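Biologist: Before any terms are used, I should like to hear how each one is justified. Please take me through the reasoning step by step.

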Amino acid sequence: MATIEEKSITLDTLIKTVLSYNSEANTERLKSAYEFASKVHADQKRVAGGPYTEHLLAVAMTLAQMKMDSITIAAGLLHDSVEDTATTVDEIAERFGKDIAFLVEGLTKLSMMEFKTKKEAQAENFRKMLLAMAKDIRIILIKFADRLHNMRTLQYLPEHKRQRIALETLEIYAPLANRLGIGWLKTEFEDLSFKFLMPEVYEDIASKVAKRKEEQEGYLNEVMRIIEEKLKEQGLSGKVFGRVKHNYGIYQKMQKQGIPFEQVYDVLGLRIITDTKANCYAILGLIHSLWTPVPGRFKDYIGAPKSNLYQSLHTTVVGPKGEKVEFQIRTEEMDKIAEEGIASHWKYKEKGHIREKDSKYFAWLRELAQSQKELPDAQEFLEIFKGDIFPEVVYVFTPQGDVMELPVDSTPIDFAYSIHTQVGHQCIGARVNGKIVPLRYHLRNGDTVEIITSQGHGPSRDWLKVVKTPRAKTRIKQWIKTEERKRSIELGTELLEREFRKHDLSPNLIKSKDTLNIVKDLGINNLEDLLVAIGYGKLSAHHVVNRFIPEKAAEVETVKKEQKHSAVQGGIRMKGVDNILFHFSKCCFPIPGDKIVGFVTRGKGVSIHTADCPNLESLAVDKDRLIDVSWEVGADTTQPVRVYVDTIDAPGILANLTSVISAAGVNISHVEAVTSNTTKNARINFILQVADKQQLDGIIKKLINISGVTGVKRVKTA
C-alpha cells in the first residue's frame, strides 16, 4: 500500500479518499471527530516536533486506504483521546455514539492498572486488545494503523525505545497481520522492524536486492514477454507482473537455510493474475510445458488454502539461460484476499453492522476468546497466542477425507485434540496411512490419520513434551490440573480425618463452622483450597487440628508466623509453607545466584528448580504447587553443578583441568570422559560442588584458557 507523506494529509484529503470508495460515507462524523481530537490534543506535539493531529490523520488515512467505514475511521481519529487526554469513554459515547466509544475503549491501554513487571503489563495489554478484537475485528485494524504510523516515524525515538517497539512489532503485530491475511501490512511491519533492529544487515540486503533487480530487469521482461505471447496463443486471460521478495523474507530464508544472499534465487519473481480457478491450473500447465519445474518447489495453496485463507499456486522453473524463476498464479479475488486478508471478508455499512462471510477467521477468534477464559494468567495467554500464529504448517486428512491444518512437527495427539477435547483425552494410539505409529510421530503432508480411543483413558504428563498446538497443551494441562486437584482434595480430607481421630475428635468437624473460621484465619479462600494445601503438603493436618485444642495455642501462633513470613532452611528461604522438607532438583542443578522456584511434590517435600528448568512446564501444570523460594545470603553451603568441557584428545588434559579446579578450592564429586576416535576430541563431564554462580563463572573462565580446551558450558539438564 502506498505511503502518503505525513504532512500532506489533511482532513480534506482524508474525506476525498473515503468518498472515492464510499459515496454515502458520513463525512460530518469525520469532521466532528477531527475537530474534537484537534481540541483535546491541542497542546500535544509529536516527538518529531509536529502537531499531534498529524499522527491521528495518518492513522485515519491508513484506515481509509483499507476502505473502512466512517465509524472505524472516526475511532481512528479519536483512538488516543481517552488514554492521552482528560476525555472519558462516556464523553466519547455521548458525542459520537456507543459504537465509536466501544472501539476507542478497546484501544485504550491499561494505564490505571498497576503491574509487577513490564512483561506482565504488556501481556495484560495484549489480552485486552485480543479479546476486544474477538468481539469486533475493527479494533485490531485501528491498532494496526496506529502501530504502522509509529513504525514509520520510529527514527525520532531514543534507541532503547526503537529496539523495544521494533521487536514487539516483529514478534506480535507482524505475525498477527499474517494470521489475519493482510499481506502488505505483514511485509511492511517486518521490513520496518528489520530496519531498526539490524540496520547494517538491512542496508546490505536492500542494496543487493536493488542491484539484482537492475541486473535482471531485462531478463524478467523477456520471460514476461514469452508468457504474455503464450497466454494469447492459448486464449488464456492473464496479466503478468514482476514481484520483489521483501528484505526480511530474504533474511529469514538466508538464516533458515544457512545460505548467502547469492544463493537466494527467488528474490525476483513473476505473478500472474487470471480470471478463474480453472485458468490458474491451465496457466500452471503452460509454464511447466515451457520450462522444467524444480522438484519440490510446487505448492498448491488453492486446493489447500493457508489458515489465513491465502490461495495461490507457487512453482519454480528453470527458465531461459538456465536461470530459476518463481511464479505465483492466482485470480483477482485471491490476490485481493492475499493483500487485504480479513478486511476483504467484512462488509462495513454506515450503521455499523458487520456481515460475516468466512467462518475460518472467526473460528480462530472464538478459540482465542475461549483460551483466555481457561488461562487466567496473562503471560501464559500471550505465549499461547504467539504459539498459535504458526508460519509453517502440514496438511493431513481425516479418514473421511477432510483436510486438517496443523503446525509442522505436530503429532497424532495434536490431531486428536484438534478434532475434539474428548478425542484427545481418550487417545491411546493412531494409524497413519493405515499403519500403527507412535504418538510421538511427526505428521507429514498428505498423511491420513485415524485416532484410536479408549473410554476412561486420560492424557499423560509426558504428552506436554511432544505436542505442538496451543489447544492440545492447554487441554492437557487443564485435565492434569483438575485430576491433581481431585486427588489432593481426597488426600487432604483423608489426612485431616485421620488427624481428628488421632486426637479423639470427630471427622465431621471438617465441615464445621470452626473449620471455616480457621480457613479464613489462615488467609485461604475456602475449605476446598485448605484440603488441597494439605493434600499437596503445603500445610500439615496436625497444625489445623491443633487449633481445636486449647493447649496448642503457642504452636498455632508459630504456624501463623510461618504462614505470613518466610522460613529459612539449609540456605533456602521459603515463603508460605508449613515447615516442609526440600531437596535440590537433579534435572537442572540450581546453585546460589540462579533464579529459583519451589515445586511441592507429594511425599518428597519441595523440589528446588532453576526458574528456566525445561521440566517445569510439564511438572508445574497446577501453579498452586509452585512456591516462592530464594537463596539465603551468607549460607555456608555448596551445591552440585554439571559442567561439560570439550577438549582435544591429548595426554595431560584431564590432569590440567582437575588441577585448576582444585586450586580454586572446588571439590569434584564426579568426572567422566568420552573420547572420539574419528574426531580426536573428548568431552569431559564434571559434577562440581560450588558455593555460588560467581564461583562457577570464575572456574569456567579459567578452564576455557587452558591449552587444548575448545569449549566449556554449564549443563542444566540431566
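Modeller: The following exchange sets computed values against the cut-offs behind the words, and the model under discussion is a predicted one.

Biologist: What makes threonine 274 count as buried or exposed?

Modeller: The relative accessible area of threonine 274 is 3%. The word buried applies under 20%, so threonine 274 is buried. Threonine 274 belongs to strand S2, which covers residues 268-274.

Biologist: Which residues is threonine 274 in contact with, leaving aside its neighbours within four places in sequence?

Modeller: The contacts of threonine 274 are Ser237, Gly238, Asn279, Cys280, Ile283, Arg330, Thr331 and Glu332. A contact requires heavy atoms within 4.5 Å. One of these residues, threonine 331, stands opposite threonine 274 and lies in S6.

Biologist: How do you know that S2 and S6 pair?

Modeller: Pairing requires at least two bridges between the strands. S2 and S6 are joined by six bridges, so they pair, and they run parallel.

Biologist: Why is strand S6 described as largely enclosed by the rest of the structure?

Modeller: Strand S6 spans residues 324-331, and seven of its eight residues are buried, so the description is justified. Strand S6 also pairs with strand S5 (residues 313-318), in the antiparallel sense and over six bridges. In that pairing, valine 318 stands opposite lysine 324. The hairpin of S5 and S6 has five residues between the strands, and lysine 321 takes a positive phi near 65° there.

Biologist: What makes the meeting of glutamate 168 and arginine 147 a salt bridge?

Modeller: The N to O distance between their side chains is 2.6 Å. The cut-off is 4 Å, so the pair qualifies as a salt bridge. Glutamate 168 lies in helix H10 (residues 159-179) and arginine 147 in helix H9 (residues 138-152), so the salt bridge ties together parts that are 21 residues apart in sequence.

Biologist: Are glutamate 168 and arginine 147 buried or exposed, and how do you know?

Modeller: Glutamate 168 has 10% relative accessibility, and arginine 147 has a relative accessible area of 11%. The limit for buried is under 20%, so glutamate 168 is buried and arginine 147 is buried.

Biologist: What is the N to O distance in the salt bridge of arginine 461 and glutamate 484?

Modeller: The distance is 2.1 Å, and these two side chains therefore satisfy the 4 Å limit. Arginine 461 lies in the loop between strand S13 (449-453) and helix H20 (470-502), whereas glutamate 484 lies in helix H20, so parts that are 23 residues apart in sequence are tied together. Glutamate 484 is buried at 2% relative accessibility. Arginine 461, with a relative accessible area of 25%, is partly exposed, because that term covers values between 20% and 50%.

Biologist: Why are aspartate 697 and lysine 693 said to be separated by about one helical turn?

Modeller: The two residues are four residues apart in helix H27 (residues 693-704), and therefore about one helical turn separates them. Their side chains meet in a salt bridge with an N to O distance of 3.6 Å. Aspartate 697 is partly exposed at 33% relative accessibility, and lysine 693 is partly exposed at 33%.

Biologist: How many salt bridges does a search of the whole structure find?

Modeller: The search finds 24 salt bridges. Glu222, Arg225 and Glu229 are linked in a network of salt bridges.

Biologist: How many aromatic pairs does a search of the whole structure find?

Modeller: There are eleven aromatic pairs. In the pair of phenylalanine 144 and tyrosine 173, the ring centres are 6.4 Å apart and the planes stand at 65°. Centres must lie within 6.5 Å, and planes over 60 degrees apart count as edge-to-face; the pair is therefore edge-to-face. Phenylalanine 144 lies in helix H9 and tyrosine 173 in helix H10, so the rings tie together parts that are 29 residues apart in sequence. Phenylalanine 144 is buried at 0% relative accessibility, and tyrosine 173 is buried at 2%.

Biologist: What makes strand S16 and strand S19 edge strands?

Modeller: Four strands form an open sheet in the order S16-S18-S17-S19, with mixed pairing. Strand S16 (582-584) and strand S19 (626-627) each pair on one side only, and they are the edge strands.

Key: Residues are numbered from 1 along each chain as its sequence is written. This is a predicted model: local features need pLDDT of at least 70, side-chain atom pairs count only at pLDDT 80 or more; totals for chains, interfaces and linings use all residues. Side-chain values use heavy atoms; hydrogens and water are left out. Buried means under 20% relative accessible area, exposed over 50%, partly exposed in between (1.4 Å probe, protein chains only). Rings of Phe, Tyr and Trp (its six-membered ring) pair if their centres lie within 6.5 Å; planes under 30 degrees apart count as stacked, over 60 as edge-to-face and the rest as tilted.
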